[in-house]
Amino acid sequence: MRPMNPLHTNLLVTGGAGFIGANFVRAHLESSPTSRVVVLDALTYAGNLANLEGLDANRCDFVRGDIRDTPLVCELLRRHHFRALVHFAAESHVDRSILGPDLFVETNIVGTHSLLKAARLVWIEEEPGAHRFHHVSTDEVYGSLELSAPAFSELSPVRPNSPYAASKAASDHLVRAYHETFGLDAIITNCSNNYGPYQLPEKLVPLLIVNCLLGERLPLYGDGLHVRDWLHVQDHCHAISLALASGTAGETYNIGGENERTSLEILRLIVSEIDHAFEREPLLASKYPNCPSASGRSCAELVAFVRDRPGADRRYALDISKARRELGYAPRAVAGRAFEAAFRETVRWYLTHDAWWKSVIGGQYREWVALNYENR
Ligand code: NAD
Ligand code: TYD
């Protein structure tokens with residue numbers, strides 16, 4: 001396969017209306033002014049066109065469709081002559097996979113296989129040439145780490161514990177198999193927990209921020225001491241661009257933020273930032289009257305330790321030396337300043353984008369929250 005630089009060409013982005021996909025589309029169009037993107041997204045509960053608002057329609061096309069619709073994917077590949085496909089579309093929430101695993105098998109395994117079949121047919125059989133299939137995956141495929149154990153490398157055994165993680169691991173295996181068996185130019189990145197703008201408030205960080213502002217309880221699972229490696233979404237998107245441009249076909253790269261924090265530490269950062277923001281800006285009290293900080297109290301009073309997930313993973317951590325060495329990746333968003341500064345910026349994004357998050361926490365979301373937290 002000859003070298004390629006998909007950064008300057010057309011991309012198909014699946015799941016581009018979700019959290020990371022939308023951040024990637026935005027970053028890609030900004031950093032690569034001659035490129036175009038087609039987003040293929042089914043707009044499930046997690047997809048939101050508002051995440052793509054403001055982008056130039058001449059450079060970002062949106063197609064509402066399902067990745068399991070192989071003929072549709074083939075048609076898009078034929079029509080647009082993409083050089084690369086970046087695959088974000090997935091069911092992505094562990095709690096939902098515990099309540100209903102079937103959809104995770106359908107979307108994450110069958111859906112990824114549908115994309116692989118389309119890529120094989122069009123890119124290998126019909127129009128051979130330089131094409132790249134980039135599969136976005138998770139550190140959760142490696143399972144849980146002891147507190148003192150070294151971080152996961154790309155050679156760590158795959159031992160997923162949740163249905164979500166198992167479905168992502170299965171999709172990773174399929175991608176690798178299509179490379180080995182059919183010669184598809186495919187790479188996989190396994191990243192850690194992302195935070196940043198446009199994340200649906202069902203994941204820890206935006207859920208805690210939004211609940212503080214609404215004066216609702218802050219549920220911490222178990223003892224709140226589960227450790228995650230927190231990665232700014234911009235760093236993740238940058239790593240994907242690097243891997244697209246210079247990753248080796250058939251390889252897997254771990255992308256982490258080198259920021260291990262417990263859920264309790266994350267909660268404390270959020271509470272402290274919100275309490276201080278209300279002290280500095282009196283207008284916030286009228287905007288969010290139910291927030292304890294609006295009446296001079298602390299959001300800490302909302303903390304509630306609740307029953308843990310069954311099979312909860314204690315710790316994830318990623319060794320990113322391969323991505324550093326081979327892609328030139330480093331977690332830049334926090335480089336040169338404390339993680340806390342980058343994290344506070346994210347908290348402030350939610351403080352000032354209440355129209356965005358209020359639009360996504362409507363009826364269906366409320367039903368889900370009630371179901372997820374009812375027995376905890
Ligand atoms: P998300 O849940 O915010 O977005 C998923 C997107 O996929 C949504 O826009 C949804 O509409 C779309 N989608 C779902 N099913 C689809 C289907 N059948 N056809 C087409 N579109 C469909 O997810 P995210 O947090 O942005 O995660 C993106 C990817 O990154 C996922 O593959 C996830 O496994 C992986 N990942 C996420 C994190 C994280 O911290 N968020 C960490 C590691 C890996
Ligand atoms: P989450 O954001 O769902 O990501 P993941 O499970 O994929 O790592 O959860 C991150 C951590 O936060 C995890 O240990 C579970 C915990 N958590 C809570 O304590 N309370 C919550 O309400 C949620 C959603 C998660």
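The legends below describe close-up views of a predicted model.

**View 1. The seven-stranded sheet of the predicted model.** In this view, 7 strands form an open sheet with parallel pairing, and their order across the sheet is S3-S2-S1-S4-S5-S6-S10. Strand S3 (60-64) and strand S10 (252-255) are the edge strands, each of them pairing on one side only. On average, and with direction ignored, neighbouring strands of this sheet are turned by 20 degrees against each other. Within the sheet, strand S4 (residues 84-87) pairs with strand S5 (residues 132-138) in the parallel sense over 4 bridges, and valine 86 stands opposite histidine 134 in S5.

**View 2. Helices H4 and H5 lying across strands of the seven-stranded sheet.** Helix H4 (residues 102-126) lies across strand S1 (11-14), S4 and S5, and its direction is at about 165 degrees to S5. Helix H5 (residues 163-182) lies across S5 and strand S6 (186-191), running at about 155 degrees to S5. S5 is thus crossed by H4 and also by H5.

**View 3. The contact between helices H2 and H4.** The axes of helix H2 (residues 70-80) and helix H4 (residues 102-126) come within 9 Å and cross at roughly 40 degrees, and the crossing of H2 and H4 is right-handed. On the H2 side, the contact is made by Thr70, Val73, Cys74, Leu77 and Arg78, while H4 contributes Ser114, Leu115, Lys117, Ala118, Ala119, Leu121, Val122, Trp123 and Glu126. Sorted by class, the residues of this contact are 9 nonpolar, 2 polar and 3 charged.

**View 4. The three-stranded sheet and the helices lying across its strands.** An open sheet of 3 strands has the order S7-S9-S11, and its pairing is mixed. Strand S7 (193-195) and strand S11 (260-262) form the edges, each pairing on one side only, and the twist from one strand to the next averages 50 degrees. Strand S9 (residues 227-232) and S11 run antiparallel and are joined by 3 bridges, with valine 227 standing opposite threonine 262 in S11. Helix H8 (residues 263-280) lies across S9 and S11 and runs at about 80 degrees to S11, whereas helix H11 (residues 339-352) lies across S7, S9 and S11 and runs at about 60 degrees to S7.

**View 5. The surroundings of ligand 1.** Ligand 1 is surrounded by 28 residues, of which Ile20, Asp41, Ser92, Tyr164 and Lys168 are the closest. Several backbone atoms also face polar atoms of this ligand: a backbone N or O atom of glycine 18 lies 3.0 Å from an oxygen atom of ligand 1, and a backbone N or O atom of isoleucine 67 lies 3.0 Å from a nitrogen atom of ligand 1. A polar backbone atom of asparagine 194 is 2.9 Å from an oxygen atom of ligand 1, and residue 194 falls within strand S7 (193-195) of the three-stranded sheet.

**View 6. The surroundings of ligand 2.** Around ligand 2 there are 17 residues, and the closest are Glu140, Pro219, Arg228, Arg309 and Tyr373. Proline 219 has a polar backbone atom 2.8 Å from a nitrogen atom of ligand 2. For leucine 204, a polar backbone atom is 2.9 Å from an oxygen atom of ligand 2, and for tyrosine 221, a backbone N or O atom lies 2.8 Å from an oxygen atom of ligand 2.

Note on methods:
Residues numbered from 1 in each chain as written. Chains lettered and ligands numbered in written order. Predicted model: local features only at pLDDT ≥ 70, side-chain atom pairs only at ≥ 80, totals over all residues. Heavy atoms only, no water. Axes fitted to C-alpha atoms, helices over the stretch in contact; angles between N-to-C directions. Helix = DSSP H or I, 4+ residues; strand = E, 2+ residues; numbered from the N terminus. Left-handed = near helix turned anticlockwise from the far one by under 90°. Contact = heavy atoms within 4.5 Å. Nonpolar A, V, L, I, M, F, W, Y, C, P; charged D, E, K, R; others polar. Pairing = 2+ DSSP bridges. Near = heavy atom within 4 Å. Polar contact = N/O pair within 3.5 Å; in protein donor to acceptor, adjacent residues only side chain to side chain.
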